[in-house]
Every structure is written in C-alpha cells, then in structure tokens.
Amino acid sequence: MNIIAVDDEYLPLIDLEFAIKEAAPEASVQCFESSLAAAEFGNENHIDIAYLDINMPGLSGIDLAKKLRETNPGINIIFATGHDEYARDAFSLKASDYLTKPISADAVKESLLHLRTPVEETPDIKLKVQCFGNFDVFTEDGIIYFQRQKAKELLAYLIHKRGTSCTIKEICAVIFERSENPASLERQLQTQISLMMKTLKEAGAEDVIIKNRNNISIDVKKVDCDYYRFLENDEAAKNLYMGEYMTNYEWAEFKTEYLDGALR
C-alpha cells in the first residue's frame, strides 16, 4: 500500500507521518512539504492513498487532489486540515474522508476502513521459478545456487506439488533411491531440508516454505512460476512451454503429457 502525506508545515507533517505509520505499519509512506513536489511524484509513481492538507501555497490541496487523480484515477484522497470551511470543497471531489488536525493514529485507522477505492494487496513475491526446460530459481539479484543438488530437487518437488503438503516419507520415496533403510533416508532428507532452508534464508526467501511437524509445502502466493501461470491460462506462460518440464528430474517426466494435452 503506497501512501503520501502532504503538508507545508513541518511539525504537522511529522505528526501525520507518525500517525500513518502507527496505523498502517506495512505501508510505504512518502512525505512532502511541497505540493508541487508531491504532484511530480504522483506523475511517476502509483499512489493508493493521499493525505493532503488543503490550505497550502502554490498548489492547494484541492488542486493537488485533482492533479493526482489525472495520473492515479483510483487514488483515495483524505484531506487533513485544521480549516473546517473547506469541507464542502473536499467532499465535492469525492474524498474518502476529511480529518481535522491534530490527527491521531486512531483517526487514520478509521479513515482506512472507509476508502472509496479498495486497495488491492500486491502479492509478496519472493521467488521467480522456471519449470519449463530445466528447473531453476531466481530472485531479483539473479539465479539461486544450491549447495547440494538434492536440496534443489527438494524445492523442485515442493513447487511441483503446488502448495499440497508433502510428508517426509513421500518426499523420500520420490527423490531418493530406495535401496537404503527408511530411517537413513529420513535423516538424509532432514539434512537436505536444512540446506534448502539455509539457501533460501540467504536469498531472503525462507518464508516461501511452510513447515509443520511431519509435513512441508510451498507458499504458492509468494512464488511467480511459469507452470502455475500456465495452469491459470496465462498466454505468455503457454508460449514459454516447449514440451519440456523440469527436465532435471525423472519423476517430473509424466507432467509433459498433461501439459501437452492442455495445449490441444
């Protein structure tokens, strides 16, 4: 959620900033003492909510709201002012709320509950995953390298299962040879889980894994995956599929028949 706060007076602006951050700690908050600077920011950035003082030099809060609406049509305008006489003008612009200074965190929380345009949450994507062709995993900084190939294969299988919880025994049966005794395989798997988690933690993405006592799965909401997008009928993902799926792993071979059929 992207919020701006604009007030030409420094102390009220600081108070407003603190109130917003207390009410919405997860939000990105940008503050401006200049309404012209705020308008310029709005020309280049998406803004969900704007807390605007009304009586400002150069460009009033009313005029700033009009400018912000030109580039951010769905923006929620909340006027924050000590001048009640502007309320009529404020509501003529279909503002989400009108707050009188000094503004508390409780007042900000209340205003966030009555937004004219609901703010859609942006998915917290931590990994970009390539399943078509070889399996590989990326962050914004580039490809992720795993210390052990089995740790990478473990992640591949969790991606493949698409959020379904997998038991330790199930994973052992898929990614290990069955010649060893089950207890030994489970110990090996616990080692690979630890190595996988270490690598993901270093990449800032350890929370893509959901672990319970005897089950483990992937949080699909935090993964941008070509395979997942294919299943959602995304045309770009379908164009990426060239008849190969996780070619690194034998257990993934059967999936190509399903994907080929989906394109017919």
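This is a guided tour of the structure, one selection at a time. What you have open is a predicted model, and the residue numbers used below start from 1 along the chain.

**The parallel sheet**

Begin by selecting β1 (residues 2–6) and β3 (residues 49–52), two strands that pair in the parallel sense over 4 bridges. If you then pick out I4, you can look across to β3, where the bridge partner of I4 is A50. Now widen the selection to the whole open sheet, which has 5 strands in the order β2-β1-β3-β4-β5, with parallel pairing. At the edges you will find β2 (28–32) and β5 (97–100), each of which pairs on one side only. As you turn the view, notice that neighbouring strands of this sheet are turned by 20° against each other on average, direction ignored. In general, the strands of a sheet pair through backbone hydrogen bonds, and they may do so either parallel or antiparallel.

**A helix on that sheet**

Keep the sheet displayed and add helix α5, residues 105–112. This helix packs on the sheet, where α5 touches β3, β4 (76–81) and β5, and the direction of α5 makes about 135° with that of β3. Next, select L112, which lies in α5. Is L112 buried or exposed? Its relative accessibility is 19%, and buried means under 20%, so L112 counts as buried. Leaving out residues up to four places away in sequence, L112 touches A24, I49 and Y51. One of these, A24, is 88 residues from L112 in sequence, yet the two C-alpha atoms are 8.8 Å apart in space.

**The mixed sheet**

Move on to the open sheet formed by 4 strands in the order β8-β7-β6-β12, in which the pairing is mixed. Its edge strands are β8 (142–143) and β12, and each of them pairs on one side only. Inside the sheet, select β6 and β7 (residues 136–139), which run antiparallel and are joined by 3 bridges. A pair to label here is Q130 and D136, since D136 in β7 is the bridge partner of Q130.

**The largest nonpolar core**

Now show the side chains of C131, F135, L155, I159, M196, I209 and M246, the residues with the most contacts inside the largest nonpolar core, which has 46 residues in total. Several elements give two or more residues to this core, among them β6 (127–130), α6 (149–161), α7 (168–175) and α8 (182–202). Center the view on I159 and ask which residues it meets beyond its neighbours within four places in sequence. The contacts of I159 are V129, C131, F135, I218, V223, C225, Y228 and M246. Apart from this core lies another, of 20 residues, which includes F32, A50, L64 and I77. In soluble globular proteins, nonpolar side chains tend to be buried together.

**Two helices against α8**

Select α6 and α8, whose axes come within 8 Å and cross at roughly 85°; the two helices are therefore roughly perpendicular to each other. On the α6 side the contact is made by K150, A151, L154, L155 and L158, while α8 brings L189, Q192, I193, L195, M196 and L200. Sorted by class, the residues of this contact are 9 nonpolar, 1 polar and 1 charged.

Replace α6 with α7 in your selection, and you will see α7 and α8 packing at an angle of about 95°, with their axes 10 Å apart, which makes α7 roughly perpendicular to α8. Here I168, K169, I171, C172 and I175 of α7 meet L185, E186, L189, Q190 and I193 of α8. The residues of this contact divide into 7 nonpolar, 1 polar and 2 charged.

**Two residues of α8**

Finish by staying with α8 and selecting T199, a residue of this helix. T199 is buried, with a relative accessible area of 9%, and, not counting residues up to four places away in sequence, T199 touches I144, Y145, F146 and Q147. Then select K201, which is also placed in helix α8. Is K201 buried or exposed? With a relative accessibility of 60%, K201 counts as exposed. For a last distance to display, choose the C-alpha atoms of K201 and D106, which are 95 residues apart along the chain and separated by 36 Å.

Methods:
Predicted model: local features only at pLDDT ≥ 70, side-chain atom pairs only at ≥ 80, totals over all residues. Heavy atoms only, no water. Core = buried A, V, L, I, M, F, W, Y, C linked by side-chain atoms within 4.5 Å. Buried < 20%, exposed > 50% of the residue type's maximum accessible area, 1.4 Å probe, protein only. Contact = heavy atoms within 4.5 Å. Axes fitted to C-alpha atoms, helices over the stretch in contact; angles between N-to-C directions. Parallel < 35°, antiparallel > 145°, perpendicular 65-115°, else oblique. Nonpolar A, V, L, I, M, F, W, Y, C, P; charged D, E, K, R; others polar. Pairing = 2+ DSSP bridges.
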